[in-house]
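Please open the structure in your viewer and follow the stops below in order, selecting each item as it is named.

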Amino acid sequence: MAGRMVVGSAALAELVRPASAPDPAGGHRVLPVRPELTGLLPSRGLRRGSTVAVGVGQPRRSGTTSLLLALLAEASRAGSWCAVVGMPTFGAGAAVEAGIALDRLALVPQPGPEWPTVVAALIDGVDVVVTAVPATVSASVAGRLAARARQRGCVLVPYGRWDGADVTLQVVRGVWEGLGAGRGRLRRREVTISASGRGAAARPKEVKVWLPGDELTRVIPAPPGAGRPDASRLRMVHQ
C-alpha cells in the first residue's frame with residue numbers, strides 16, 4: 001500500500017485535477033490537527049493560506065518526521081488532500097499508522113531542479129503541501145510560494161529553515177520510553193515541541209506530547225510546580 005507516486009508534469013496535472021474537486025474539508029478555513037497540537041497554532045489548526053514550517057533540528061532531537069505525520073493526520077481524516085515533496089524516505093506505512101488516508105496522499109520523492117514548479121502546481125490543487133526545503137532555495141522563490149499558498153488557500157508546510165513562516169514548530173527535547181534495565185523495546189518518545197512565529201504566533205509556546213501517539217492517550221495538565229499554568233503546556237499519558 002502506498003500513496004500516489006507522482007512522476008513528470010503530466011502525472012502532476014492529472015493529480016491536481018481530482019485533488020481540486022470539492023471534499024468534506026474543502027470549505028473550512030482551518031483544517032483540524034490532533035488535540036494535543038492545537039495549543040501551538042494561533043487558529044488551533046492549520047489555517048488555509050498559512051505557512052507552517054517544521055524545523056529539522058539536531059539529529060539527537062529526532063522526531064520531526066513523526067511531528068509532520070501528526071500535523072497531517074486529522075486533516076487527511078477529514079477529507080483533505082496532502083502532498084509530500086522531496087522526501088524519498090517518507091514511509092507510507094508510518095503514514096497509515098498516523099491515520100493519513102493514502103488515497104488522498106501524493107508523493108513526489110525526487111522533484112529535481114523543477115522543485116519550485118512542482119510545489120507551485122501542488123499548491124494550486126492540494127490542501128496541504130509538505131516539502132523538504134532545498135539548500136539552494138532563494139528568499140524570492142520562498143516568498144512567491146508562500147504568497148501562492150495564501151492566494152490558493154493551501155497550507156504550505158516547509159520541512160527545514162523557512163524565513164517568514166507564520167509559525168515554526170521545532171522538536172527541542174525528547175526522551176524515549178520502553179527500555180528497562182538493559183532490555184525492552186523502544187515504544188514511543190516524549191518530545192517537547194516549541195512554536196514561534198509572527199503576528200498571533202509571536203509569543204513562544206511549548207507542549208509535551210508522545211510521538212508516535214495512539215488512540216489510548218489523553219491530555220492532562222502539567223503537574224503542579226512545573227511552571228506557570230498555561231493551556232498550551234500539556235502532557236500525553238496512557239489511560
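## A tour from one helix residue

Begin by selecting Ser-76, which you will find in helix α2, the helix that covers residues 64-77. Keep in mind while you look that this is a predicted model. Is Ser-76 buried or exposed? Its relative accessibility is 0%, and because buried means under 20%, Ser-76 counts as buried.

Next, show the surroundings of Ser-76: leaving aside residues up to four places away in sequence, Ser-76 touches Cys-82, Gly-99, Ile-100, Ala-101 and Arg-104.

From that group, move on to the cysteine and ask how many disulfides the structure holds. The structure holds zero disulfides. Cys-82 accordingly takes part in none, and the cysteine sulfur nearest to that of Cys-82 belongs to Cys-154, 9.4 Å away. Cys-82 also has a relative accessibility of 0%, and it therefore counts as buried.

Now select Cys-154, which is likewise in no disulfide, its nearest cysteine sulfur being that of Cys-82. Cys-154 counts as buried because its relative accessibility is 0%.

Finally, zoom out to the whole chain, whose secondary structure comes to five helices and 13 strands. Of the 239 residues in the chain, 46% are buried. Among contacts in the chain with a separation of 6 or more, 65% are between residues 24 or more positions apart. If you then switch on a surface, the chain exposes about 12100 Å², and carbon and sulfur atoms supply 54% of that area.

Key:
Residues numbered from 1 in each chain as written. Predicted model: local features only at pLDDT ≥ 70, side-chain atom pairs only at ≥ 80, totals over all residues. Heavy atoms only, no water. Helix = DSSP H or I, 4+ residues; strand = E, 2+ residues; numbered from the N terminus. Buried < 20%, exposed > 50% of the residue type's maximum accessible area, 1.4 Å probe, protein only. Contact = heavy atoms within 4.5 Å. Areas by Shrake-Rupley, 256 points an atom, 1.4 Å probe, with all protein chains shown as cover. Disulfide = S-S within 2.5 Å.
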